[in-house]
Each structure stands twice: as structure tokens, then as C-alpha cells.
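Student: I would like to learn how to read a protein structure. Could we go through one together?

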Amino acid sequence: MTTKAITPLQQRMLEDMQLRGLSARTQEAYARAVWQLAQHYHRRPDQLSDQDLRQYFLYLTNEKKIARPTATIALCGIKFFYEQTLQQLWPTLRFVRPPREWKLPVVLSRKEVRQILAAVRIPVYRACLTTIYACGLRLLEGTRLQVPDVDSARMLLHIHGKSKKDRYVPLPETTLQLLRAHWRTHRSALWLFPAPTRHGLAHSLAHDGGPVTRSSLQSAFRRALQRSGINKRAHVHTLRHSYATHLLEAGVNLRLIQDNLGHRSPRTTAIYTHLTGAVRATLSGPLNQLMRDL
């Protein structure tokens with residue numbers, strides 16, 4: 001939870017999360033949520049009362065006005081700590097719920113996607129972002145792709161998804177050629193997109209510098225978006241939204257898109273039906289007719 005020596009209480013929560021099978025990122029997020037609670041009160045979290053928790057969640061809602069995803073992580077992390085690690089069933093944790101939101105994701109047109117990718121100047125970032133769009137990947141699924149994940153015989157990519165759920169996604173021929181050409185520039189035995197460092201790519205490969213980082217890829221995308229002149233609030237995950245929407249517009253079955261994206265529920269994938277040109281076109285004719293005499 002902090003950079004200092006870990007306490008027995010922190011160690012117990014860490015072990016509980018490991019036994020529950022939570023991912024490393026989830027463990028970090030939960031531990032941070034409990035640490036922030038303790039920092040707010042300047043007291044150990046096991047010394048807090050149910051009323052303290054109630055006031056803290058009111059503070060997050062009314063003063064901090066945190067977004068729903070942040071509120072959900074805070075609730076889940078704190079609830080795990082009290083109910084699993086401390087075995088305390090506080091009433092507040094049973095009824096606190098982050099406010100519901102219904103937001104449609106930003107989607108880029110096919111032309112805009114190509115404009116942004118063309119504006120990425122560093123080859124490893126351009127290749128990684130192109131693969132993320134062409135295969136509908138999450139950011140970390142793209143950055144952590146390994147050489148053995150490419151099944152060129154079946155034209156598939158083996159994706160190691162979140163929550164340790166693997167899947168295969170179709171690999172377009174042009175993307176395979178891109179990956180082969182990019183691999184020949186570094187010939188890493190493991191990573192498709194090895195991280196470039198200030199000491200150079202050769203130094204990174206020799207010292208196992210790992211794959212490109214999340215933050216560096218996000219920065220590369222933001223710079224390319226700015227250079228492209230496209231005025232949309234897009235980010236790396238927007239490429240995945242755009243992939244799904246473009247497949248729907250091309251007539252691909254929604255169930256196949258759900259499999260490609262790794263969604264458990266078809267309801268998650270169905271949001272893209274609101275974003276396709278075909279859906280919007282059903283409205284434009286009647287709308288123009290209705291408003292013709294204004």
C-alpha cells in the first residue's frame with residue numbers, strides 16, 4: 001500500500017488477494033484504495049468505524065466527485081479489506097453503490113484512424129497501435145504481445161486477456177506483414193514490441209528491457225492525435241471501440257465481434273450498435289423530412 005516496509009496487516013490483505021486469484025493490477029488498485037482511506041483519516045484502517053466509512057464515501061461522492069470507475073474500485077478495495085481480511089461486515093458496505101452512468105464511447109472514422117496512425121513517428125509505437133486497432137485489443141494486450149502469440153498458419157493472434165482469460169482473434173494479412181517487417185528491425189526472441197530506451201534498442205534487448213510501456217504508448221497516441229488535427233477526445237482504447245464499430249458497419253455478426261473483443265456479455269458489445277453509420281442513417285431521412293420547412 002505504500003513504499004515503506006509492509007505491515008502485517010498489509011501482508012495479510014496481499015495474501016488474501018493472492019488466494020482469491022486477483023490480478024496484480026487489481027491487487028495494486030485495491031491496496032491503493034485502502035491506503036487512501038487511511039491517509040484521509042490519518043489512522044490505521046482497522047481502527048475506523050462504520051460511521052467513518054459512511055462519511056468517507058459521502059466525501060468521495062459530494063466533494064471529490066470521483067467518476068464511477070474510480071468509485072467502484074474504491075468500494076471494491078475497501079469492501080475486500082473489511083469483509084475478507086478483517087472479517088467485518090459493516091452495514092455501509094452493503095448499500096453503497098456508485099451512481100450509474102450511460103456514456104457512449106468516442107469512435108473514430110476509418111479515415112481518422114489512418115490519419116492518426118500515420119502521424120505516429122516512432123516505428124514501434126506505430127506498429128503496436130496499428131495492431132491494437134487491426135485486432136481490437138486492449139492497451140496492455142497489445143503492448144505485451146509475444147513472438148509465440150503469432151499463429152501465422154491459422155492467421156490468429158493468441159491474446160492473454162484481462163482476468164487471465166485467453167482468446168484467439170483473427171490476424172489480417174496486412175497486419176501479419178507489418179509484424180514481420182517490424183520484427184526484422186529488432187529480432188527480439190520474446191517481445192513483438194520491445195521498449196526503446198534512452199540507451200537505444202540494442203541496449204534494451206541486451207538487458208531485457210521488456211515491452212513498450214503503457215504510459216509511453218499513451219503519450220505516443222496523444223502526440224499523434226494532436227499532430228493529426230482531429231478534434232476528438234480519443235485515446236488508445238478508442239481504437240478498440242472503432243474496430244468494433246467498423247466491423248458492425250461492415251456487416252459482421254455481433255456475436256463474432258463479442259468473441260473477438262473478449263466480452264463476457266453480449267450487452268457490453270451491443271453498445272456499438274448505437275454508433276454505426278447504418279443506425280444513424282435510419283434517422284437522417286425522416287429527420288430531414290420532418291425539419292424541411294423550418
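Tutor: Start with the secondary structure, bearing in mind that this is a predicted model. The protein chain contains 15 helices and three strands.

Student: How are the three strands ordered in the sheet, and what is the sense of their pairing?

Tutor: For a sheet, read the order of the strands and then the direction of the pairing. Here the order is β1-β2-β3, the pairing is antiparallel, and the sheet is open. β1 (150-151) and β3 (166-170) each have a single partner strand, so they stand at the edges and one side of each has no neighbour in the sheet.

Student: How many bridges join β1 and β2?

Tutor: Two bridges, in the antiparallel sense, with β2 covering residues 156-160. To follow the pairing in the model, find Val150, which stands opposite Leu157 in β2.

Student: What share of the residues is buried?

Tutor: Burial is judged by relative accessible area, and under 20% counts as buried. In this protein chain 40% of the 294 residues meet that cut-off. The chain exposes about 17,600 Å², and carbon and sulfur atoms supply 54% of that area.

Student: Which contacts join residues at least 24 apart in sequence, as a percentage?

Tutor: Take the contacts between residues at least 6 apart in sequence; of these, 58% join residues at least 24 apart.

Student: How many positive and negative side chains are there?

Tutor: Count each set, then compare where their centres lie. The protein chain has 44 positive and 19 negative side chains, with the two centres 5 Å apart. As for extent, the C-alpha trace spans about 70 × 60 × 35 Å along its principal axes.

Definitions and conventions:
Residues numbered from 1 in each chain as written. Predicted model: local features only at pLDDT ≥ 70, side-chain atom pairs only at ≥ 80, totals over all residues. Heavy atoms only, no water. Helix = DSSP H or I, 4+ residues; strand = E, 2+ residues; numbered from the N terminus. Buried < 20%, exposed > 50% of the residue type's maximum accessible area, 1.4 Å probe, protein only. Contact = heavy atoms within 4.5 Å. Areas by Shrake-Rupley, 256 points an atom, 1.4 Å probe, with all protein chains shown as cover. Lys, Arg positive; Asp, Glu negative; His and termini not counted. Charge placed at Lys NZ, Arg CZ, Asp CG, Glu CD. Pairing = 2+ DSSP bridges.
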